[in-house]
Amino acid sequence: MVFQSLREAFRCILRYPLILLSGVWVGCAVAAFEYCLFNGLDFYGETIGFFGLILFPFFVGASYEMIHRDDGSLSVFRTGGISRYFAVLLPGAFVTFFGAIAAFILTILLAAVGGGQDDMLMIMGIFWIFIPILFFFSFYDTAAVLEEKKVFDSLRRSLQFVRSRPFEVIAFYCACFVLLIVLFIASAFIGSVFLAGSMVFDPSLDINTLLNMTMDEQQALIGEEGVSLIIALYAVVAGVFTVILLPFKAVFYRRLVQGISEKKQEAEMQETEKQGGVYDEKGRWYKY
C-alpha cells in the first residue's frame, strides 16, 4: 500500500505540475529564514518563518484540490487554495495551540519535581506531547479537502482514520522518514563535494570543540560560500520533500479510505444477504 501510494504520488507530480509551487514556496521560505539567522537578522527570520507557515495552507489546499478533482489547471489550483485555506489552517492552529498549552503544563510539572533545569528532559517532555498529537491528527488536512470535512470533523476523522489502520499509518511515517534521510544524505554528499576544496580544518579541533562553536565561529570555518551552499541545500531538501509529501499523503489517505469503504460495503451486502433467509432449529441457514 505504501509503495503503491508513493509511485502514484510521483505520477501525480507529473500529472499536476503546479504541485511544484508548494515546494518552491517552502524552499524560498526556508532559504530566507536560514539566511536571516546566519546573518544575525533574527527578527526578520522569525517574521519570514511566521508568514511562510501562515500561507503554506494555501498551497496544501490547492495541491489536494487538484488531486481531488483530478484537474491540474491553474483555476482549480487557485480556487482550491482559496476555498480550502481556512479548512486547512484552523485545525492546524487549534492542534498547535492545544499542544503548546499541554507542553507548557508539562514544563511546569517538570519544574515542580526538579526537572525544570534539565534541558534534555524538557525536550523529551515536549516530544511526548507533540509526537502523539502529530501521529493521530496529521491527516486532518486530507480529510478537510478530500472528504470536505469541517474544522473539528476533520480532526475527528483523522483520529478515526489512524485508529482504523495504525500499522499502515506507521508504515507511511516510516517511508516519509526514510525519504527525508535519503534527501539529507544526498544533500550532504553534494555539499561535501563542493566544500571539500574550500574548507581547511584545523587538525587540533575535536568533535566537542566543533559542536560548541558559536554561529560566527561556524561561519568563519565554513566560509561565506559554504554558508550559502548549506542554505541552498536545506532549501532544496525542504522543497523536494514537500513536493513529494503532499501527493503521497493525499494518495495514501484516499486509497485507504476507499479500501475501508469497500470492506464496509461488502459487510453490509453480506448482512443484507443474511437477512434474506432463516435459521432452522439446528442452526442451519436457508435463504428464501
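1. Of the 288 residues in the protein chain, 34% count as buried, and this figure, like those that follow, belongs to a predicted model. The chain exposes about 17700 Å², of which carbon and sulfur atoms supply 68%.

2. The secondary structure comprises 12 helices and two strands, and along the sequence the helices precede the strands, in the pattern α-α-α-α-α-α-α-α-α-α-α-α-β-β. Where contacts in the protein chain link residues at least 6 apart in sequence, 69% of them join residues at least 24 apart.

3. Helix α5 (residues 85-112) lends itself to a check of geometry: at 1.5 Å a residue its 28 residues should span 40 Å, and because the end C-alpha atoms lie 41 Å apart, the two values agree. The buried residues of α5 include Tyr85, Ala87, Val88, Leu89, Pro91 and Gly92, and further along the helix Val95, Gly99, Ala103, Leu106 and Leu110 are buried as well. As background to such spacing, an α-helix has 3.6 residues a turn, so residues three or four places apart point the same way.

4. The largest pocket holds about 1900 Å³ of space. Its lining consists of 44 residues, among which Leu53, Phe56, Leu134, Leu245 and Lys249 are the closest to the centre. By class, the lining has 36 nonpolar, six polar and two charged residues.

5. Which helices each supply at least two residues of that lining? They are α2 (20-38), α3 (42-69), α5, α6 (119-137), α7 (140-146), α9 (166-195) and α12 (224-274), and α3 gives the most, with nine residues.

Definitions and conventions:
Residues numbered from 1 in each chain as written. Predicted model: local features only at pLDDT ≥ 70, side-chain atom pairs only at ≥ 80, totals over all residues. Heavy atoms only, no water. Helix = DSSP H or I, 4+ residues; strand = E, 2+ residues; numbered from the N terminus. Expected span 1.5 Å × (residues − 1). Buried < 20%, exposed > 50% of the residue type's maximum accessible area, 1.4 Å probe, protein only. 1 Å grid on protein atoms, 1.4 Å probe; cavity = no way out; pocket = protein on both sides within 12 Å on 5 of 7 lines; lining within 4 Å. Points joined across faces, edges and corners; volume = space filled by probe spheres on them. Nonpolar A, V, L, I, M, F, W, Y, C, P; charged D, E, K, R; others polar. Contact = heavy atoms within 4.5 Å. Areas by Shrake-Rupley, 256 points an atom, 1.4 Å probe, with all protein chains shown as cover.
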